[in-house]
Amino acid sequence: MRNIPVITKNLLIINVLMFLATYVFQRTGVDLNELLGLHFVMASNFRIYQFVTYMFMHGGFAHLFFNMFALWMFGCVVENVWGPKKFLFYYILCGIGAGLTQELAQFVNYYLIEGLGAYDYVNLNGVSISVDAFLNQLTTVGASGAIYGILLAFGMLFPEERMFIFPLPIPIKAKWFICGYVVIELLSALGTSGDGVAHFAHLGGMLFGFLMIIYWRNHAGGNNGYGRMRGEQFFDKLKNNWERRSHKKADFNDRHTSERERDWQYNQDKKANQEEIDAILDKIRRSGYASLSEEEKKKLFDAGK
């Protein structure tokens, strides 16, 4: 956590703490997702502050994990480029934009398409409930909208950066990665219903992020070059750290290999020397000491030291 930028680090901590608090409060009968999640704007449980609080709530561990992993992976880079204040403003506004987009999508679907405004009750899984009770079940939670805004920012800042995405066997440029995500989310939003995923919120976070980045680029005042330089320095630092670790590992392996080779050579020399001494001793037993040459006598003398 030491090398994570301050805003990214605090966002990670707050999201994890809120997730743990959800389970703690459940034991007392309080549902934080119900209180802080974003309700449909025309439901009785809707509160304006939910446009901010909903992005710190999550529906399960997997939901939290993948959002926080993406925040750590891409948020560190983007925050290093923009700095903490601009990054925080962008993150929160993308989250709010995602919530507004989700609210608009729900309004179009449930009021204009399904026409719930004309009924007092709806049939839900064979049970008749009031429209208000049904609308209060339309709760959105999660940082995904803001995270998708961060993904878009990364792709626009470093469009040519190559990324390895599982399960693709080859790296893909960030700009194509982001375009692919937009297409997938759009198709999912239009063709999937009832999957429990707020696809329009994801698209909304990216849309608001795109509009902000375009505005900043048109009113940058020369700061884009500096921010890009900081981002490139961040990548260079990662690359240098990787190469340094690789060189250290290679040097260690080389030293280890050299030591093994020296040990092997020492044992071979020792074995050969012992064989020569044994041969000299056999000669003494057969023919006596006087039969030895001067060289054999010297070798025997050196071995006895």
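**Figure 1. Accessible surface and overall make-up of the predicted model.** The chain has an accessible surface of about 19,000 Å², and carbon and sulfur atoms account for 61% of that area. Of the 305 residues in the chain, 35% are buried. The secondary structure consists of 11 helices and six strands. Among contacts with a separation of 6 or more, 67% join residues that are 24 or more positions apart.

**Figure 2. The largest nonpolar core.** This core has 48 residues. The members that touch the most others are L71, F74, V78, W82, Y90, Y91 and F154. Two or more residues come from each of the helices α1 (6–26), α4 (61–82), α5 (84–113), α7 (144–157), α8 (174–191) and α9 (199–218). Another core, of 10 residues, lies apart from the largest one; its members include A43, Y110, V131 and L135. In soluble globular proteins, nonpolar side chains tend to be buried together.

**Figure 3. Surroundings of Y91, a member of the largest core.** With neighbours within four places in sequence left aside, Y91 is in contact with L11, N15, M55 and L71. On the same basis, Y91 also contacts A143, A146, I147 and I150.

**Figure 4. E103, a buried acidic residue in helix α5.** E103 has no salt bridge, although the residue is buried. The nearest side chain of opposite charge belongs to R47, and the distance to that side chain is 11 Å. A salt bridge requires a nitrogen–oxygen distance within 4 Å. Beyond its neighbours within four places in sequence, E103 is in contact with L38, H39, F40, V41, F46 and F51.

**Figure 5. The cysteines C76 and C94.** C76 has a relative accessible area of 7%, and C94 has a relative accessibility of 0%. Both count as buried because the cut-off is under 20% relative accessible area. No disulfides are found in a search of the whole structure.

**Figure 6. E161 in the loop between α7 and β5 (162–163).** The relative accessible area of E161 is 30%, so this residue is classed as partly exposed, a class that lies between the limits of 20% and 50%. E161 and A174 are separated by 13 residues in sequence, and their C-alpha atoms are 5.5 Å apart in space.

Terms used. Residues are numbered from 1 along each chain as its sequence is written. This is a predicted model: local features need pLDDT of at least 70, side-chain atom pairs count only at pLDDT 80 or more; totals for chains, interfaces and linings use all residues. Side-chain values use heavy atoms; hydrogens and water are left out. A nonpolar core is a set of buried Ala, Val, Leu, Ile, Met, Phe, Trp, Tyr and Cys residues joined through side-chain atoms within 4.5 Å. Buried means under 20% relative accessible area, exposed over 50%, partly exposed in between (1.4 Å probe, protein chains only). Helices (H or I, at least four residues) and strands (E, at least two) are DSSP runs, numbered from the N terminus. Contact means heavy atoms within 4.5 Å. Lys and Arg count as positive and Asp and Glu as negative; His and the chain ends are not counted. A disulfide is a pair of cysteine sulfur atoms within 2.5 Å. Accessible areas come from the Shrake-Rupley method with a 1.4 Å probe; for residues, only the protein chains shown count as cover.
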